[in-house]
Each structure stands twice: as C-alpha cells, then as structure tokens.
Amino acid sequence: MADAPIAAPVVVLDHGFIRTVTVQRPEKLNALNGETLRALAAAFEQAAQDPAVRVVILTGAGPKAFVAGADISEMNTLSAVEGRDFSLLGQRLMRQIERMPKPVIARVNGFALGGGLELAMACHLRIAVDTARLGQPEITLGLIPGFGGSQRLLRLCGRAAALELCLLGTPIDAARALQLGLVNEVASAHDLDARVAGLAERLANAAPLAVRALLDAVHVGGECSLESGLEYESAQFGLLFATQDMREGTSAFLERRAAMFQNR
C-alpha cells in the first residue's frame, strides 16, 4: 500500500489489513499542536480511502503517554479567535475519526489527558494499560475541553461523570475508567499489545460492509430519535442482502466453515 508521506508528528505502519497510526512526539508526551492535528487528519483520510485497510489502531509513541493533552506552549500564544479556530480544528478531527467507515481502536498506553482523552473518546473502542491516567484537566488552566470532551463524556459516561471529570479536572485511573464505561478493557503492560492486536485481527476478519453499516447505524442512532434510528437500521440491514459478503457469511454458517469476506 503506497501512501503519500504523512507529516513528521505521525507515523503510519501497516500489518495486513490493520493500520497503526502513532502520534510521534514522545518528548512532548505526544501533545497535540496544530501540525499534529492536521497530520492525523491526513492519516485518517488516507486510511478511510484505502481499500486494503480494514481496521485502524491509534496510539502514542513512548512508554508514558497516549496523548497527554493539547500543546499548552502553543495554546498560550493564541488569541481568542485563534483559540476558537484551534478548537474547531480539533473537533473536525474528532468527528472525522468518529465517522470513520472502519473501526478505530485507541491503544491507550499511558496518559490520556485533555485533548488526548478527547482523541480516545472519538475512537470506536478503547483498550487502556492498567497504569493509564485519564482526565479532562482543562479547568486547571482556566479553560474547558475544546475538542468535544464535555459532549462525548456526557454521552459515554453520563452527566455525573462528565461533570466530575470536567469540573474537578482530576485524572482517574484505568480501573475507574472501565467502571464508568470510558474504556472497554484494561490490560497489563505485558498484555496490552496482544489484546489490541487480537481485537484488531478479529475486526479485520469481519465482514467489512456489515462493519461499516453497523458503525453508521450506531452513530446515526445516537443523534436521532429511536424511531428514526430503527428506520435507519432496517434500511442498512436490507441493503446488506445485496452484498456478496452476506451470501458468503450465511453460506459459511450453513456449511459449517469459516467465512472469507471480500468487501463486496
């Protein structure tokens, strides 16, 4: 798979149908500046368009951090208008990830604070190392979350947890994050890569068109009435009957063999 080069703060690596996107600023604990946000947007656009990519893993370089937040040294210089533009840049990236037609797994290998937690929450699934710390500490800087943190926390964990994390700004550990539904799984440092890889392989072997339809159905359903969501689900369900993947999946079940999906 030949891709256009991605900007320096982001490294892309392919393994079969799985693409790993790594924020590569370990000296800054992978903090998000404008350049990094734009590089991530380019990387996810390429992954969305590449038919050979079925799953994306998002992580941070080094042993300490997934992404420790937005780059405060850059934010400190921004005017009010520039601050709003920075927020909108981050929000566009989060929406882009959230609406990806392929599953995105956040490999939370350390600190996921501020913009880092917002980045993780935009992913479809999150696996955190047991030593990870997660939080929205913007209040301690005289700010509020700017990349969607207040809204996605509310939807993922409920009003009480969203207010606790955003008002107090105190990070929580991975066990509490699991309890709140903020992450899907917690693994030891020894097991993290194997757990993420196993999940990615399972998703990569699933029917790609059904995966895409499911991601769409859940996303649309989260933003509309139950009646509209059910109608959308039925429409997607019906469309899948026109795919070769559906014929292969049902035939494989009846013939008691493993299905071989081809994204058709």
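In what order do the four strands of the open sheet with mixed pairing run? Here are my notes on that and on a few other features of this predicted model, for you to follow with the structure open.

1. **The four-strand sheet.** The order is E4-E6-E8-E9, in an open sheet whose pairing is mixed. Strand E4 (65–67) and strand E9 (172–173) are found at the edges; each has a single partner strand, so one side of each has no neighbour in the sheet. Look next at strand E8 (residues 133–135), which runs antiparallel to E9, with two bridges joining them. To find the register, start from Arg133, which has Asp173 of E9 opposite.

2. **The six-strand sheet.** This open sheet has the order E1-E2-E3-E5-E7-E10, and its pairing is mixed as well. Strand E1 (10–15) and strand E10 (185–187) are the edge strands, each pairing on one side only. On average, neighbouring strands here are turned by 20° against each other, with direction ignored.

3. **From E1 to E2.** E1 and E2 run antiparallel and are joined by six bridges. A handy pair to display is Leu13 with its bridge partner in E2, Thr20.

4. **Strand E3 and its two partners.** On one side, strand E2 (residues 18–23) pairs with E3 in the parallel sense, over six bridges. Within that pairing, Val21 is opposite Leu58 of E3. The route between these two strands goes from E2 through helix H1 (residues 34–49) to E3, a β-α-β crossover that is right-handed. E3 also pairs with strand E5 (residues 104–108), again in the parallel sense, over three bridges. Leu58 is a good residue to centre on, since it stands opposite Val21 and also opposite Ala106 in E5.

5. **How covered is E3?** Strand E3 (residues 55–60) is mostly covered, with six of its six residues buried. In a regular strand, side chains alternate between the two faces of the sheet. Here Val55, Ile57 and Thr59 point one way, while Val56, Leu58 and Gly60 point the other way, and all are buried. Both sets of residues are therefore below the cut-off for burial, which is under 20% relative accessible area.

6. **Two positive phi values in one loop.** Please have a look at the loop between E2 and H1, where Leu29 is found and where Asn30 lies too. Leu29 is not a glycine, yet has a positive phi of about 55°. For Asn30, also a residue other than glycine, phi is positive and near 60°. Are these residues buried or partly exposed? Leu29 counts as partly exposed because its relative accessibility is 29%, whereas Asn30 counts as buried because its value is 0%.

7. **The largest pocket.** Rolling a probe the size of a water molecule over the atoms shows where empty space is left. The largest pocket holds about 790 Å³ of space. It is lined by 26 residues, and those closest to its centre are Glu98, Met121, His124, Val218 and His219. Which elements each supply at least two residues of this lining? They are helix H3 (80–98), helix H4 (115–122), strand E7 (125–129), helix H5 (149–157) and helix H9 (208–221). H9 gives the most, with five residues. By class, the lining of the largest pocket divides into 13 nonpolar, seven polar and six charged residues.

8. **The second largest pocket.** About 550 Å³ of space lies in this one. Its lining has 27 residues, with Ala70, Met75, Glu138, Leu143 and Ile144 the closest to the centre. Two or more lining residues come from each of helix H2 (72–75), H3 and H4. H3 gives the most to the lining of this second largest pocket, with three residues. The lining comprises 15 nonpolar, eight polar and four charged residues.

9. **Links between the points.** When you go through the pockets, it may help to colour H3 and H4, as both supply residues to the lining of the largest pocket and to that of the second largest. E7 is worth marking too: it is a strand of the six-strand sheet and supplies at least two residues of the lining of the largest pocket.

Terms used. Residues numbered from 1 in each chain as written. Predicted model: local features only at pLDDT ≥ 70, side-chain atom pairs only at ≥ 80, totals over all residues. Heavy atoms only, no water. Buried < 20%, exposed > 50% of the residue type's maximum accessible area, 1.4 Å probe, protein only. Pairing = 2+ DSSP bridges. Right-handed = clockwise from strand over helix to strand, strands pointing away. 1 Å grid on protein atoms, 1.4 Å probe; cavity = no way out; pocket = protein on both sides within 12 Å on 5 of 7 lines; lining within 4 Å. Points joined across faces, edges and corners; volume = space filled by probe spheres on them. Nonpolar A, V, L, I, M, F, W, Y, C, P; charged D, E, K, R; others polar. Axes fitted to C-alpha atoms, helices over the stretch in contact; angles between N-to-C directions.
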